[in-house]
Amino acid sequence: MDSFIRAVQQVEDSNPGLSSLALVRALRRTAGHDDAMTIHFLGASFNHSDTEVLETAILNASSFSFFDKAIHHIVTDYGEERGVVLAPDGTTVALAPLLLGIESGLKAQMEATPAVGIFPLTLGRTLGLSFLSLQDFPPSSRLGPNGCWDSVDHPKVFKLSRPATLATDAVINAGMDGAILGMDLSSLPASEQPPALSDILKGYYSFILHEGQGLDGLSSHVSPRRREISRTILAPLDLHSQVMETLALVWKLEKTEWISLDTGVGKAVKDGLQAFVHKYWDCPQFIPRCQWGAKAHKGTPIPLSLPLKYLYVHHTYEPSSPCLSFPNCSRNMRAMQRFHQEDRGWNDIGYSFVVGSDGYIYEGRGWNQLGRHTRGHNDIGYGVSIIGNYSATLPSRHAMNLLRHHLVRCAVDGGRLAPSFTIHGHRQMVNYTACPGDAFFSEIRSWEHFRV
């Protein structure tokens with residue numbers, strides 16, 4: 001994402017007075033994204049004189065190939081997803097739906113009209129077609145997957161973890177981001193000059209969190225909060241009707257013969273939306289092991305027998321400071337895994353999951369493997385730790401909510417935790433630790449499901 005933003009800024013610097021709408025429209029033309037539905041909502045990119053002039057400038061700057069490869073989304077036969085970028089927060093985003101959402105918002109703002117195309121272009125079409133293309137598969141298999149980059153420092157290849165659906169995680173992330181930014185931009189007064197495209201992207205993706213506040217100190221819309229913000233924006237809509245109307249428009253505009261809007265389609269959309277809400281709104285965003293640079297588990301992992309009945313809350317103590325960015329949290333994860341494997345002689349990092357103050361939960365042993373976090377109780381509960389020392393201070397409210405509400409709901413609804421599960425602090429189960437710290441333990445005593 002940083003490289004894409006720099007390239008956009010170079011075009012802006014070379015074309016003083018360039019509007020964000022003209023630039024994003026030219027990028028659409030460069031990537032060849034003038035399909036029937038996009039033209040229906042946004043108009044043809046080639047019908048604007050400023051776009052033609054700007055496209056010539058992009059070509060003359062020898063950046064056509066970069067923008068074309070960066071924006072044009074495909075999945076290869078080898079499971080490589082292209083047209084996606086690594087965001088500074090460690091998540092992966094497909095640029096095409098992101099830019100369509102931004103263009104929809106800018107067009108609506110300029111014309112002072114409702115932004116009717118934002119949901120169909122960012123999420124509606126992708127979700128609907130993905131639900132229909134895999135009707136013979138369970139609803140949860142009609143979305144995703146995620147994947148990992150070959151390198152987070154110099155990312156070039158993004159490899160998916162399993163065969164792709166039309167709605168990969170990167171496409172869904174971008175759809176949520178495009179809907180958020182599009183709605184934000186559409187709400188600006190028509191008389192107000194919208195920010196430059198590079199500033200729009202930097203404000204959303206390249207923010208700085210401050211120690212002691214984390215995401216609690218930010219009121220602006222930023223990428224780690226995409227799930228909660230997109231839910232706030234989109235949940236009030238009748239998503240089932242929105243997706244069905246989008247599919248009807250696809251059939252009308254693109255004459256897609258295999259779409260038949262019968263009762264079977266309605267059920268496929270209903271089931272698919274339930275899976276979408278669970279995976280992308282109820283559940284938090286997890287940073288997978290391969291993304292934070294985990295070493296392999298030593299030996300053969302031992303499977304858990306689900307659902308479990310307990311959730312054990314920890315703090316890491318060391319590292320003692322909250323981690324506020326993906327690079328910092330990833331370094332903390334690698335350091336803890338190295339300590340657990342090399343100094344303690346364990347097979348892997350001990351925790352099931354670890355919560356950062358950057359807005360994400362990092363995968364440790366995960367849902368299905370026996371951890372090593374709470375002596376004598378590892379086989380009956382998950383061990384979840386928040387990075388930092390919380391003897392005297394509390395984690396950020398956002399980090400605690402990720403654990404208390406989102407992780408828990410995800411686990412119960414996904415059949416991993418029993419609905420009647422119990423929360424304990426680590427200190428309640430063993431007599432040699434003050435974990436999860438006095439301040440944090442006092443806090444969790446007020447949580448639902450906590451038991452003395």
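These legends go with four close-up views of a predicted model.

**View 1. Phe276 and Trp281, an edge-to-face pair.** Ring pairing turns up 14 times in this model, going by aromatic pairs. Here the ring centres of Phe276 and Trp281 sit 5.1 Å apart, and the planes make an angle of 65 degrees. Neither side chain is out in the open: Phe276 is buried, and Trp281 is buried too.

**View 2. Phe286 and Phe353, a tilted pair.** The centres of these two rings are 5.2 Å apart. Why tilted? The planes of Phe286 and Phe353 meet at 40 degrees, and tilted covers what is neither under 30 degrees (stacked) nor over 60 (edge-to-face), so that is where this pair lands. The partners come from distant parts of the chain, 67 residues apart: Phe286 belongs to strand β7 (residues 286-287) and Phe353 to strand β9 (residues 353-355).

**View 3. The aromatic cluster around Phe286 and Phe353.** Pull in Trp367 and Tyr382 as well, and you have the four members of one aromatic cluster. Phe353 has a relative accessible area of 2%, so with the cut-off for buried at under 20% it counts as buried.

**View 4. Helix α2 crossing helix α5.** The axes of α2 (residues 20-31) and α5 (residues 64-71) come within 8 Å, with a crossing angle of roughly 85 degrees. That falls in the 65 to 115 range, so the two helices are roughly perpendicular. On the α2 side, Leu27, Thr30 and Ala31 make the contact, while α5 brings Phe64, Phe67, Asp68 and Ile71. By type, the contact residues come out as five nonpolar, one polar and one charged.

How values were computed:
Residues numbered from 1 in each chain as written. Predicted model: local features only at pLDDT ≥ 70, side-chain atom pairs only at ≥ 80, totals over all residues. Heavy atoms only, no water. Phe/Tyr/Trp six-rings, centres within 6.5 Å; stacked < 30°, edge-to-face > 60°. Buried < 20%, exposed > 50% of the residue type's maximum accessible area, 1.4 Å probe, protein only. Helix = DSSP H or I, 4+ residues; strand = E, 2+ residues; numbered from the N terminus. Axes fitted to C-alpha atoms, helices over the stretch in contact; angles between N-to-C directions. Parallel < 35°, antiparallel > 145°, perpendicular 65-115°, else oblique. Contact = heavy atoms within 4.5 Å. Nonpolar A, V, L, I, M, F, W, Y, C, P; charged D, E, K, R; others polar.
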